[in-house]
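Reader: I'm new to looking at protein structures. Could you walk me through a few features and how to read them?

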Amino acid sequence: MTQQLAIPWLIYDLTQSAWLLGLAGFLQFLPTLLLIPVSGVLSDRWQQRDLLMLVQILGISISITLTILTFLDLITFEALLILSVLNGLLKGLDMPVRHTIVTHTVDDRVDWANAIALNSVMLSLSLVLGPALGGILMSTLGVKYCFLYDSLSYLAAILTLQAMHIHPMHQQAISENADGWQRFCEGFSYIKEVRPIRILLLIIAIKSVVGSACIALLPVFAADVLRGNASTLAMISAAGPVGALLACLYLSIRQSILGLERLILVSQALIGVGFFAVAYSRESIFSFLSLIVVGGFSLLHLTSSNTIIQSLVADDKRGRVMSFYALALVGMMPFGNLLAGGLAQHMGAPSALIVCGCICWLGSAWFFFQLPQLTLWIRKHLQTDASDKQEEFV
């Protein structure tokens with residue numbers, strides 16, 4: 001809500017510059033890019049619950065500062081920039097831990113695939129539900145109430161983490177004396193050796209760059225292209241959660257990870273179609289319908305990728321691999337924001353989104369040729385797991 005909608009809206013309202021909007025997005029996520037690899041190492045060494053608790057405490061401090069500044073009308077572009085960078089630092093620490101903790105809360109490995117998919121759906125849904133709820137608050141009460149709501153939401157997260165008890169079998173100290181850089185290099189080498197994981201991470205990075213560009217340009221589309229106001233932004237921001245809800249209903253009936261790789265290909269292509277539709281739209285309702293497509297297939301794309309990776313990656317390297325997943329997902333957002341701001345400043349927001357749609361299609365064309373190898377890898381791991389279970393039963 002704050003990073004994707006409230007802060008960008010305030011920045012554009014204060015500066016009226018698409019370039020500064022993109023620059024702010026770049027600087028906001030740049031710390032995330034730098035910290036995520038470190039977070040993956042910490043996730044494999046320390047207790048994820050304690051790391052998440054630290055993030056919530058620091059996060060509520062930043063959110064309360066934003067709330068006070070906006071309620072007192074003391075907010076400035078510089079203050080927004082500094083607090084955004086601090087938020088980016090916390091996001092870099094948070095994401096790999098939030099992804100990997102799910103396997104530490106589910107005792108039966110048989111349930112991991114469903115648990116990972118559910119966790120991924122929740123995280124992906126928050127990326128679209130947050131801006132939608134923020135748009136409603138902005139249009140009805142004002143942008144300062146977004147920050148107030150965000151501050152209060154941290155209290156619920158802190159209480160939830162306090163109530164969480166990780167099973168003793170998962171509370172293992174992983175090589176406390178091991179060199180952190182060496183462990184990072186081990187994770188990097190593992191990804192380098194397993195080509196299917198590299199394929200998935202690259203397609204996620206492509207989607208992240210163009211997807212963040214679309215989100216960054218929503219204030220420009222609402223104000224300049226659709227000739228609307230905060231209510232218009234609230235409307236088009238709500239489209240993503242509608243599509244995500246439909247995607248959740250579909251994912252809830254899936255029983256196997258096999259076939260998710262084809263879903264990634266279809267999603268990548270249809271996200272590009274949605275971008276083209278939004279770029280050519282001059283009516284709010286058509287933009288809303290187009291963004292439903294973008295939101296739904298974005299969630300399917302990210303959830304499918306996350307589920308495949310976490311289900312098949314080696315247990316002792318999950319935290320580090322998921323740090324690279326977070327790096328591909330969030331770490332590419334600075335470049336997406338910078339790309340969006342630069343293109344929109346020189347070509348206009350619709351043309352910028354058309355370029356992003358073309359990048360989506362090029363990515364889907366490349367992924368099409370990687371699909372056979374990825375499918376073979378998934379089948380091989382599923383057969384291996386089935387054999388292990390059979391031997392265990394015997």
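Author: Happy to. Let's start with how elements get their names: helices and strands are DSSP runs, numbered from the N terminus. One caution before we go on: this is a predicted model.

Reader: Okay, then where does R227 sit?

Author: R227 is in the loop between α9 (195-225) and α10 (230-237).

Reader: And what is unusual about the phi of R227?

Author: General idea first: most residues other than glycine have a negative phi. R227 isn't a glycine, yet its phi is positive, about 55°. With a relative accessible area of 70%, R227 is also exposed.

Reader: Which residue in the loop between α3 and α4 has a positive phi too?

Author: That's D73, found in that loop between α3 and α4. D73 is not a glycine either, and its phi is positive at about 55°. Its relative accessible area is 69%, so D73 is exposed.

Reader: Let's try rings. How do I read an aromatic pair?

Author: You describe a pair of aromatic rings by the distance of the centres and the angle of the planes. Searching the whole structure turns up 3 aromatic pairs. Take F71 and Y145: the ring centres are 5.3 Å apart and the planes meet at 75°, so this pair is edge-to-face. The cut-off behind that word is planes over 60 degrees apart.

Reader: Which helices do F71 and Y145 lie in?

Author: F71 belongs to helix α3 (residues 48-71) and Y145 to helix α7 (residues 144-163), so the pair ties together parts 74 residues apart in sequence. As for the surface, F71 is partly exposed at 32% relative accessible area, and Y145 is partly exposed too, at 29%.

Reader: Can you show me another pair?

Author: Sure. F276 and W361 are also edge-to-face, with 4.9 Å centre to centre and 70° between the planes. F276 is in helix α12 (residues 260-280) and W361 in helix α16 (residues 349-393), so this pair links parts that are 85 residues apart in sequence.

Reader: Is F276 buried or exposed?

Author: Buried means under 20% relative accessible area. F276 has 16%, so F276 is buried. W361, at 41%, counts as partly exposed.

Reader: Last one: which residues make the nonpolar surface patch?

Author: I64, I68, L72 and L74 make that patch, and it covers about 380 Å². L74 is found in the loop between α3 and α4, and at 51% relative accessibility L74 counts as exposed.

Terms used. Residues numbered from 1 in each chain as written. Predicted model: local features only at pLDDT ≥ 70, side-chain atom pairs only at ≥ 80, totals over all residues. Heavy atoms only, no water. Phe/Tyr/Trp six-rings, centres within 6.5 Å; stacked < 30°, edge-to-face > 60°. Helix = DSSP H or I, 4+ residues; strand = E, 2+ residues; numbered from the N terminus. Buried < 20%, exposed > 50% of the residue type's maximum accessible area, 1.4 Å probe, protein only. Patch = residues over 30% accessible without salt bridge, like charges linked within 9 Å, V, L, I, M, F, W, Y side chains within 5 Å. Areas by Shrake-Rupley, 256 points an atom, 1.4 Å probe, with all protein chains shown as cover. Salt bridge = Lys/Arg side-chain N within 4 Å of Asp/Glu carboxyl O.
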